Amino acid sequence: MSNHPGGETAAQLDPVETAAGDAVAREAAAREAASREAADTVMKAFGGVRGMVDMTLPGLVFIVTYNITHQVPAAAWAALGLSGLFVVARLARRETVQHAFSGVFGVAIGAWISMKTGKAENFYLPGLLWNVGYAVGLAVSALVRWPMIGLMLGPITGEMFTWRKQNPGRLAAYTKATWAWVVIMGIKPLILFPLYFTHNVNLLGWLKVALGIPPMLLAMYVTWQILLKAPPPIKAQPDDEPDERPARDG
């Protein structure tokens with residue numbers, strides 16, 4: 001027993017303070033782990049590296065084939081065939097085909113327009129228009145406080161739309177991340193559209209390939225960093241079951 005006044009009380013409080021400190025530390029660690037887990041869903045939402053490759057390689061095959069054959073139909077069919085193989089491979093492995101199908105759709109439109117017009121640069125026109133529309137859509141979603149990054153990640157993290165009203169910190173993070181995507185993804189059409197109008201197919205094609213994966217990786221990395229510092233997601237709860245018990249007689 002301590003000879004100092006209040007020594008016994010202080011000694012008794014030490015375990016309590018230690019336990020409280022441990023609880024705070026555990027809570028902080030849990031929040032950090034939840035934030036990291038939520039941030040890690042970014043790559044999954046965009047199909048990962050495999051999804052980006054599926055959407056980038058057909059454009060590379062088109063420009064290579066066009067340089068070899070100097071025939072728009074041959075290049076267009078080569079790109080479309082590769083996109084189809086990606087879908088078949090994913091189906092065989094029972095993987096998600098969302099990103100592969102979206103790639104096939106874009107390649108098919110580009111192939112049809114380029115063959116119809118006989119202009120190789122038109123193969124890339126749908127992708128350029130999509131980039132513009134995507135950047136505009138991202139900006140609008142952020143302005144109306146329904147940031148697209150939150151709409152995409154909410155179902156994956158299990159929070160659905162709780163970030164809208166229950167978690168203002170995550171709403172702010174999703175809005176910030178969405179604006180980052182606007183800036184990064186908006187650079188591509190600013191560079192590529194002027195080239196499209198010069199009809200320089202080779203430069204357009206190679207730059208389109210070069211600007212395929214790196215900007216996506218940069219945007220995902222920035223989003224990941226933003227979400228690491230955001231509050232963890234609040235999991236969405238199913239609606240309460242209605243009370244079906246019979247009413248008691250009065």
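**An arginine over a tryptophan ring, and its surroundings**

Arginine 164 lies over the face of tryptophan 146, 4.1 Å from the ring centre. The model is predicted. Tryptophan 146 also takes part in an aromatic pair, with phenylalanine 161. The geometry of this pair is edge-to-face, with 5.8 Å centre to centre and 75 degrees between the planes. The pair links distant parts of the chain. Tryptophan 146 sits in the loop between α6 (125–143) and α7 (148–157). Phenylalanine 161 sits in the loop between α7 and α8 (168–198), and the two residues are 15 apart. Neither ring is assigned to the buried class: tryptophan 146 is partly exposed at 33% relative accessibility, and phenylalanine 161 is partly exposed at 41%.

The overall fold gives the setting. The chain contains ten helices and zero strands. Its pattern along the sequence is α-α-α-α-α-α-α-α-α-α. Of the 250 residues in the chain, 38% are buried. The chain exposes about 14700 Å², and carbon and sulfur atoms supply 65% of that area. Among contacts between residues at least 6 apart in sequence, 72% join residues at least 24 apart.

Both loops that hold the tryptophan–phenylalanine pair also contain a residue with a positive phi. Most residues other than glycine have a negative phi. Arginine 145, which is not a glycine, has a positive phi of about 65 degrees. Arginine 145 is found in the loop between α6 and α7, as is tryptophan 146. Methionine 160 is the second case, with a positive phi near 55 degrees in a residue other than glycine. Methionine 160 belongs to the loop between α7 and α8, where phenylalanine 161 is also placed. The relative accessible area of methionine 160 is 35%, so methionine 160 counts as partly exposed.

The loop between α7 and α8 is also tied to helix α8 by charge. Side chains of opposite charge can pair when their charged atoms come close. A search of the whole structure finds one salt bridge. It is formed by arginine 170 and glutamate 159, whose closest N and O atoms are 3.1 Å apart. Arginine 170 lies in helix α8 and glutamate 159 in the loop between α7 and α8, so the pair ties together parts that are eleven residues apart in sequence. Arginine 170 and glutamate 159 are both buried.

Helix α8 also contains threonine 175. The relative accessible area of threonine 175 is 18%; the cut-off for burial is under 20%, so threonine 175 counts as buried. Beyond its neighbours within four places in sequence, threonine 175 is in contact with Ala142 and Pro147.

Aromatic pairing extends beyond tryptophan 146. Twelve aromatic pairs are found in a search of the whole structure. In one of them, the ring centres of phenylalanine 123 and tyrosine 124 are 5.1 Å apart and the planes stand at 90 degrees, so this pair is edge-to-face. Phenylalanine 123 is buried, with a relative accessible area of 7%. Tyrosine 124 is buried too, at 3%. Ring pairs join these two residues with Phe62 and Tyr66 in a cluster.

Towards the end of the helix series, helix α9 spans residues 201–210. Its buried residues are Val201, Leu204, Gly205 and Val209. Viewed down the axis of α9, these residues fall within an arc of 125 degrees, so they line one face of the helix. An α-helix has 3.6 residues a turn, so residues three or four places apart point the same way.

Leucine 211 is found in the loop between α9 and α10 (213–228). Leaving aside neighbours within four places in sequence, leucine 211 is in contact with Lys188, Ile191 and Leu192. Proline 189 is 22 residues from leucine 211 in sequence, and the C-alpha to C-alpha separation of the two is 10.0 Å.

Notes: Residues are numbered from 1 along each chain as its sequence is written. This is a predicted model: local features need pLDDT of at least 70, side-chain atom pairs count only at pLDDT 80 or more; totals for chains, interfaces and linings use all residues. Side-chain values use heavy atoms; hydrogens and water are left out. Helices (H or I, at least four residues) and strands (E, at least two) are DSSP runs, numbered from the N terminus. Buried means under 20% relative accessible area, exposed over 50%, partly exposed in between (1.4 Å probe, protein chains only). Contact means heavy atoms within 4.5 Å. Accessible areas come from the Shrake-Rupley method with a 1.4 Å probe; for residues, only the protein chains shown count as cover. The arc is that of the directions from the helix axis to the C-beta atoms. Rings of Phe, Tyr and Trp (its six-membered ring) pair if their centres lie within 6.5 Å; planes under 30 degrees apart count as stacked, over 60 as edge-to-face and the rest as tilted. A charge sits over a ring if NZ of Lys or CZ of Arg is within 6 Å of the ring centre and within 35 degrees of the ring normal. A salt bridge is a side-chain nitrogen of Lys or Arg within 4 Å of a carboxyl oxygen of Asp or Glu.
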